[in-house]
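Dear colleague,

Please find below the structure that I am handing over to you, with its sequence. My notes on what was found follow directly after it.

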Amino acid sequence: MPSSEPAAPGALPPRLGREFFDRPAAEVAPDLVGCILLHEGVGGRIVEVERYEQGDAASHSFRGPTPRAAVMFGPPGHAYVYRSYGMHWCMNVVCDGEGTGSAVLVRALEPLYGLERMRARRGGVPNRELCAGPGRLTQALAIDDTLNGAPLLAGPLAVHARPVPVELVSGPRVGISREVERPWRFGLAGSPFVSRPFPGDRTGSRRPSAARARGR
DNA sequence: CAGTGGATGCTCT
DNA sequence: GAGCATCCACTGT
């Protein structure tokens with residue numbers, strides 16, 4: 001099962017360039033699953049993302065380039081970082097052509113690089129929960145508003161190509177109240193590191209209780 | 001394991 | 001002033 005094999009640390013594929021991000025969110029979002037996100041060498045494999053764009057009432061770019069959403073209308077290949085619920089940071093990858101207001105929210109990683117630093121920042125939670133959520137992964141990678149607008153093409157933030165092929169699943173986005181039916185959340189099939197299971201992904205993050213009771 | 005509620009501050013109406 | 005692209009602790013099965 002290729003999608004369940006972890007990315008091999010040490011054999012890091014090339015960093016992605018502008019041409020990867022300069023495409024519609026509909027393409028970039030699923031293509032980001034399986035790629036490696038790093039901040040100062042700490043991070044892991046992207047296992048869950050969501051797509052947002054200007055014509056989408058759930059998107060911060062829906063009302064145009066407001067001060068908060070300005071970065072979403074900037075050049076692709078940059079980070080859009082915003083504060084969520086007054087206490088968390090969430091990171092997006094700006095994509096598509098400049099001015100389109102398209103971005104992909106990174107929602108969960110499979111932790112692979114800098115595990116000790118992540119654990120220290122996250123207060124010793126289980127590995128599975130280190131980066132299982134948009135607020136959790138920014139905490140683990142020390143991503144905050146000082147990186148809003150920062151490039152991914154050079155500098156401390158980087159996205160690297162998929163080390164191994166992946167199998168995708170999709171479903172409705174999480175935590176929104178508008179456009180709730182759009183299946184714009186994408187994940188790595190069978191990954192235990194997603195923020196919550198994908199409906200219909202039988203190999204998803206929660207092991208069947210019968211198997212769990214048997215001790216595996 | 002499901003459901004609930006509190007924390008906390010910014011953005012936009 | 002309302003509403004969050006969330007997380008955690010705590011409740012009760």
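A polar contact here is a pair of N or O atoms within 3.5 Å. The model is a predicted one, and the values below should be read with that in mind.

By that cut-off, Gly135 makes a polar contact with DNA strand C, because one of its polar backbone atoms is 2.8 Å from a phosphate oxygen of the strand. Gly175 also approaches the phosphates of DNA strand C: a backbone N or O atom of this residue lies 3.4 Å from a phosphate oxygen. At Ala58 the partner is a base, with a base nitrogen of DNA strand C 3.4 Å from a polar backbone atom of the residue. Two or more residues each come to the surface near this strand from strand 3 (79–84), strand 4 (88–95), strand 5 (102–113) and helix 4. Of these, helix 4 gives the most, with 3 residues.

In total, 19 residues surround DNA strand C, and the closest are His60, Tyr82, Asn92, Gly135 and Arg136. By residue type, the surface near DNA strand C divides into 8 nonpolar, 8 polar and 3 charged. Sugar or phosphate accounts for 61% of the atoms of DNA strand C within 4 Å of the protein, and bases for the rest.

I turn next to DNA strand B. This strand is surrounded by 8 residues, of which Arg63, Thr66, Tyr85, Gly86 and Met87 are the closest. Two of those residues have backbone atoms to inspect. A polar backbone atom of Tyr85 is 2.6 Å from a base oxygen of DNA strand B, while a polar backbone atom of Gly86 is 3.3 Å from a sugar or linking oxygen of the strand. The residues of the surface near DNA strand B comprise 3 nonpolar, 2 polar and 3 charged. Of the atoms of DNA strand B within 4 Å of the protein, 61% are from sugar or phosphate and the remainder from bases.

One further residue may be of interest to you. Leu147 is located in the loop between helix 4 (134–141) and strand 6 (157–160). Is Leu147 buried or exposed? Its relative accessibility is 10%, so Leu147 counts as buried, the limit being under 20%. Beyond its neighbours up to four places away in sequence, Leu147 touches His39, Ala79, Val81, Ala142 and Leu157. Leu147 and His78 are 69 residues apart in sequence, and their C-alpha atoms are 9.3 Å apart in space.

With kind regards

Terms used:
Residues numbered from 1 in each chain as written. Chains lettered and ligands numbered in written order. Predicted model: local features only at pLDDT ≥ 70, side-chain atom pairs only at ≥ 80, totals over all residues. Heavy atoms only, no water. Near = heavy atom within 4 Å. Polar contact = N/O pair within 3.5 Å; in protein donor to acceptor, adjacent residues only side chain to side chain. Nonpolar A, V, L, I, M, F, W, Y, C, P; charged D, E, K, R; others polar. Helix = DSSP H or I, 4+ residues; strand = E, 2+ residues; numbered from the N terminus. Buried < 20%, exposed > 50% of the residue type's maximum accessible area, 1.4 Å probe, protein only. Contact = heavy atoms within 4.5 Å.
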